[in-house]
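Me: I've got a model open and would like to go through how some of its labels are earned. Can you take me through them?

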Amino acid sequence: MDLGMHGRRALVCGASKGLGKAVALSLAREGAELFIAARGQDTLNAAAEEISDLTGSRVRTVAADLTTHEGRRAILAACDDIDILVTNPGVRQQPVDFRTIDRGEWDAWMEAHFYASLDMIRAIVPGMCERRFGRVVNLSVSFIKFPQVSFAPSHAARVALAGAIAAMVRELIPFNVTINTVCPGLFDTDALHTNLHAHARRGGTSYEAIFEDRLLHCPAGRIADPSECGDLVAFLCSAQSGFMTGQNIINDGGVYQGLF
Ligand SMILES: NC(=O)c1ccc[n+]([C@@H]2O[C@H](COP(=O)([O-])OP(=O)(O)OC[C@H]3O[C@@H](n4cnc5c(N)ncnc54)[C@H](OP(=O)(O)O)[C@@H]3O)[C@@H](O)[C@H]2O)c1
């Protein structure tokens with residue numbers, strides 16, 4: 001299937017590794033021209049070179065911190081006429097005790113998992129509406145459907161973002177601009193392994209025990225390859241997906257048992 005992406009310009013945030021990089025690769029394979037953003041310039045350069053070598057697509061980099069106003073401004077200044085935006089706040093995902101973290105820490109989670117993506121959407125969507133094409137995919141987490149106590153600030157901020165998106169989408173779809181949220185479960189990235197190590201330390205157990213426990217609770221019995229997220233996002237960014245908006249799509253190997 002041709003996803004109608006040739007000549008489209010895509011900005012993928014948090015894209016020097018992990019899920020963001022997999023998304024960037026899937027979009028580039030479909031012919032999109034890329035801007036990829038993350039903080040570390042060296043890792044970004046390596047990702048850009050790899051994606052460009054594999055696909056022949058043009059890949060430009062912006063090194064900036066999405067959790068700051070200055071960082072977001074720098075990214076927006078470096079890219080124009082974006083047709084496809086993939087928001088991804090990167091990682092701020094250590095387990096915490098909601099009783100002991102202070103208000104400043106709650107605010108930091110909101111900055112990372114709410115404002116970092118919301119500000120990009122608000123800045124880029126008006127141009128998409130003018131050009132009568134836009135696809136936005138918000139990379140979130142499956143737990144927005146069943147928030148966990150040890151990630152309360154992260155999950156709360158991500159639920160708030162999904163709510164803000166749900167409120168916006170009906171004003172945008174008449175302009176052929178859609179926003180959907182992808183909610184991954186366990187994907188084989190550095191962040192996942194760091195997270196499992198943190199859980200193990202906190203629970204006084206081993207990484208291996210935590211990993212086995214996660215697999216036991218995942219009907220697929222495995223963790224997923226990042227490309228399985230990248231290709232899903234690519235479809236949501238396609239010409240064909242213009243009738244689908246405001247959805248929170250779980251991609252977690254069957255862990256979530258709810259009907260909706
Ligand atoms: N992997 C999973 O199983 C999984 C499951 C559900 C949800 N998620 C979520 O998906 C997102 C990506 O996770 P991942 O597993 O792909 O992580 P990852 O492999 O660690 O990659 C994170 C990417 O984001 C960039 N980044 C981190 N903080 C940033 C910041 N402040 N500003 C700009 N870029 C930043 C990193 O580069 P720099 O460090 O150089 O900035 C890197 O490119 C996270 O929000 C994570 O919670 C992951």
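Reply: Sure, starting with α1 and α2, which come out as roughly parallel to each other. Bear in mind that this is a predicted model, where local features need pLDDT of at least 70, side-chain atom pairs count only at pLDDT 80 or more, and totals for chains, interfaces and linings use all residues. Residues are numbered from 1 along each chain as its sequence is written.

Me: Why are α1 and α2 called roughly parallel?

Reply: Helix α1 (residues 18-29) and helix α2 (residues 41-55) pack at about 30 degrees, with axes 9 Å apart. Angles under 35 degrees count as roughly parallel, over 145 as roughly antiparallel, 65 to 115 as roughly perpendicular and the rest as oblique, so α1 and α2 get the first of those labels. Axes here are lines fitted to C-alpha atoms, for helices over the stretch in contact, with angles from 0 to 180 degrees between N-to-C directions. The helices themselves are DSSP runs (H or I, at least four residues; strands are E, at least two), numbered from the N terminus.

Me: Which residues of α1 and α2 meet?

Reply: On the α1 side they are Lys-21, Ala-24, Leu-25, Ala-28 and Arg-29, and they meet Ala-47, Ile-51, Leu-54 and Thr-55 of α2. By class that contact has 6 nonpolar, 1 polar and 2 charged residues. Contact means C-beta atoms, placed from the backbone, within 7 Å. Nonpolar covers Ala, Val, Leu, Ile, Met, Phe, Trp, Tyr, Cys and Pro; charged covers Asp, Glu, Lys and Arg; the others, Gly among them, are polar.

Me: What makes Arg-132 exposed?

Reply: Arg-132 has 10 other C-beta atoms within 10 Å. The cut-offs are 20 or more for buried, 12 or fewer for exposed and partly exposed in between, counting other C-beta atoms (placed from the backbone) within 10 Å, so Arg-132 is exposed. Arg-132 sits in the loop between α4 (103-131) and β5 (134-139), and its phi is near 60 degrees, positive though the residue is not glycine.

Me: And why does Asn-176 count as partly exposed?

Reply: Asn-176 has 16 C-beta neighbours inside 10 Å, so it falls in the in-between class. Its loop runs between α5 (152-172) and β6 (177-184), and phi is again positive, near 65 degrees.

Me: How do you know that the radius of gyration agrees with a compact globule?

Reply: The globule rule is 2.2 Å times the number of residues to the power 0.38, with the radius taken over C-alpha atoms. For 260 residues that gives near 18 Å, and the protein chain has 18 Å, so the two agree.

Terms used: Contact = placed C-beta atoms within 7 Å.
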